[in-house]
Amino acid sequence: MKTPPSDTIELLVRLRWPFAAVVGLLFALTRLMEGWYFDAAMETPAGRALDPIVWGLLAFAAIWGVLSWAIHQERLRISNEARMLAALRESNERLELLYEINQRVASSATLDEVLDYAITLPARLVNAGAATIVLMDEQGQPYTARVTGIDAGELERARTAFQLRSLTLPPDQPVVLSPQPGCHWAACLVLPLVEHDARPIGWIEAFLKEGPATLRETRQPVLQPLLATVAGELTEAVVNSRRRDRAIASIAAVERAISAERTRIARDLHDGVAQSLAFMRMRIDLWEDWLTQEPERLREEFATFKANLRRQIEELRRAIFALRPIEIGQLGFAGALRRFINEFAEQQDWDVAIDLAELPPDLPPVLELAAFRFVQEALNNVAKHAQARRVWIKLGVRDQGLIIHVRDDGVGFNPGEEPPAGHLGLRQMRERATALDGQCMIMSRPGDGTEVRVWLPLRYSVTTVN
């Protein structure tokens, strides 16, 4: 960048030659007069003429040298100031860009918004003609999240030319790659996205028209700190967005599970308690005729009525108990589950054994809720159908999954037979396990109790929960 000369430099440039000439002339005349009056007897005419010329040239050279040095120093000062101003301006531009990135990232509510903004940065940072953002999924497999400035076919050819198709992990630091012959892209800047604990989440590919040598020599040394900072900001934004999306998905899954549980309870009340009470009311209508015609028959009806009423009261208590809030937040999953099982067993007058020693402490929230519901459904089935006196519950880890065992000493049944009408609990458990990419196994024999085994993978997509 050219800087206009200052007024001091212009004045020195204009006066340098005339000032030096005047000083030299004055110096020569003084020396001439001195030689004429004081040394005339000892010098020849030629010597008297040569001496002032020599002194004049020396004076001229001295003055010109001093002024030239002053001009050079002034130009150096202005040049240094210009470089400092340029560096300050560039630093301000980088700070403005980082501030903009920080604000945009902070205001982005979803991962899509973060990526939509991030894909515009390569063009602004390194004047890239095209760019892609590659992220790694939960299984560590890379996938292309965003593309700009290039179509799918050309992207495949460019990645082949830069040997990027086999890339499964980002480099440790930004690198500039050179293409194979025949590629119209001159260089590719690969910017890694790595968390603070050195766990990679993906990378950015910026395809450039200028060659890697030019980029490396003139621009990349200046951009290295900026690129590292931008990569850190984008990495944190992607990680936070994913964490926020998982939390939202977990909340949605919890809401769906609560809604499904309420629907199940409402269906059970409608198909069970409500129908039984309606049937009882119809029987009571018959009692008016039996009071005079068959009074002895009423004694049997009362006994049956009391037994049915007792069962319906137990069913209502189970439904009310199931509607109580789950205290996982206050007691933790293991504490809330243990409390639920003990209170349920106390209601049913069971002897219960609980083994949670192998339960992992860091289960995902959605998996905790699913396990809770499986235990709850299994105990409901035992209470409704098993006529059991003792129940065993165990949770642990096996084959990279959560295993749930619920066993009773009840009457049992034949799993190969079609369950009676209204006995839908086991089928619902199988459907829920399948939705979680898990398995549900029912083992039973008539007179030998029942065992329910549920296996759920520890790693799965929360979006599949329903």
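Here are some notes on the salt bridges, aromatic pairs and sheet in this predicted model.

1. Salt bridges overall. Side chains of opposite charge can pair when their charged atoms come close. There are 11 salt bridges in the structure, and the next few points walk through some of them.

2. Glu81 and Arg77. These two make a salt bridge, with 2.7 Å between the closest N and O atoms. Both sit in helix 2 (residues 45-107), and because they are 4 residues apart there, about one helical turn separates them. Glu81 is partly exposed, at 38% relative accessibility. Arg77 is also partly exposed, with a relative accessible area of 38%.

3. Glu156 and Arg165. Here the closest N and O atoms of the salt bridge are 3.4 Å apart. How accessible are the two partners, Glu156 and Arg165? Glu156 comes out as partly exposed at 36% relative accessibility, whereas Arg165 counts as exposed at 59%.

4. Asp351 and Arg390. If you're looking at how the sheet region is held together, have a look at this salt bridge, 2.4 Å from N to O. Asp351 belongs to strand 6 (residues 351-355) and Arg390 to strand 7 (residues 390-398), so the pair ties together parts that lie 39 residues apart in sequence. Both side chains are partly exposed: Asp351 has 41% relative accessibility, and Arg390 has 26%.

5. A network. Asp112, Asp116 and Arg146 are worth viewing as a group, since salt bridges link them in a network.

6. Aromatic pairs. Searching the whole structure turns up 5 aromatic pairs. In one of them, Phe340 and Phe372 have ring centres 5.1 Å apart and planes at 50 degrees, so this pair is tilted. It links distant parts of the chain: Phe340 is in helix 8 (residues 328-348), while Phe372 is in helix 9 (residues 365-386), 32 residues away. Both of these Phe residues, Phe340 and Phe372, are buried.

7. The rest of that cluster. Phe344 and Trp350 make a tilted pair too, because their ring planes are at 35 degrees, with the centres 5.6 Å apart. Phe344 is buried, with 1% relative accessible area, and Trp350 counts as buried at 12%. Put together, Phe340, Phe344, Trp350 and Phe372 form a cluster linked by ring pairs.

8. Charges over rings. What lies over the face of Trp185? That would be Lys209, at 4.3 Å from the ring centre. Elsewhere, Arg407 has its charged end over the ring of Trp392, 4.1 Å from the centre.

9. The sheet. Strands of a sheet pair through backbone hydrogen bonds, either parallel or antiparallel. In this model there is an open sheet of 5 strands with mixed pairing, in the order 6-7-8-10-9. Strand 6 and strand 9 (439-444) are the edges; each has a single partner strand, so one side of each lacks a neighbour in the sheet. From one strand to the next, the twist averages 10 degrees.

10. The strand 9 edge and the helix on the sheet. Strand 9 runs antiparallel to strand 10 (residues 450-457), and 6 bridges join them. Ser444 is opposite Thr450 in strand 10. Helix 9 packs on the sheet, where it touches strand 7, strand 8 (401-408) and strand 10, and its direction makes about 15 degrees with that of strand 8. Helix 9 is also the one that carries Phe372 from point 6.

Methods:
Residues are numbered from 1 along each chain as its sequence is written. This is a predicted model: local features need pLDDT of at least 70, side-chain atom pairs count only at pLDDT 80 or more; totals for chains, interfaces and linings use all residues. Side-chain values use heavy atoms; hydrogens and water are left out. A salt bridge is a side-chain nitrogen of Lys or Arg within 4 Å of a carboxyl oxygen of Asp or Glu. Helices (H or I, at least four residues) and strands (E, at least two) are DSSP runs, numbered from the N terminus. Buried means under 20% relative accessible area, exposed over 50%, partly exposed in between (1.4 Å probe, protein chains only). Rings of Phe, Tyr and Trp (its six-membered ring) pair if their centres lie within 6.5 Å; planes under 30 degrees apart count as stacked, over 60 as edge-to-face and the rest as tilted. A charge sits over a ring if NZ of Lys or CZ of Arg is within 6 Å of the ring centre and within 35 degrees of the ring normal. Two strands pair if DSSP finds at least two bridges between them. Axes are lines fitted to C-alpha atoms, for helices over the stretch in contact, and angles run from 0 to 180 degrees between N-to-C directions. Contact means heavy atoms within 4.5 Å.
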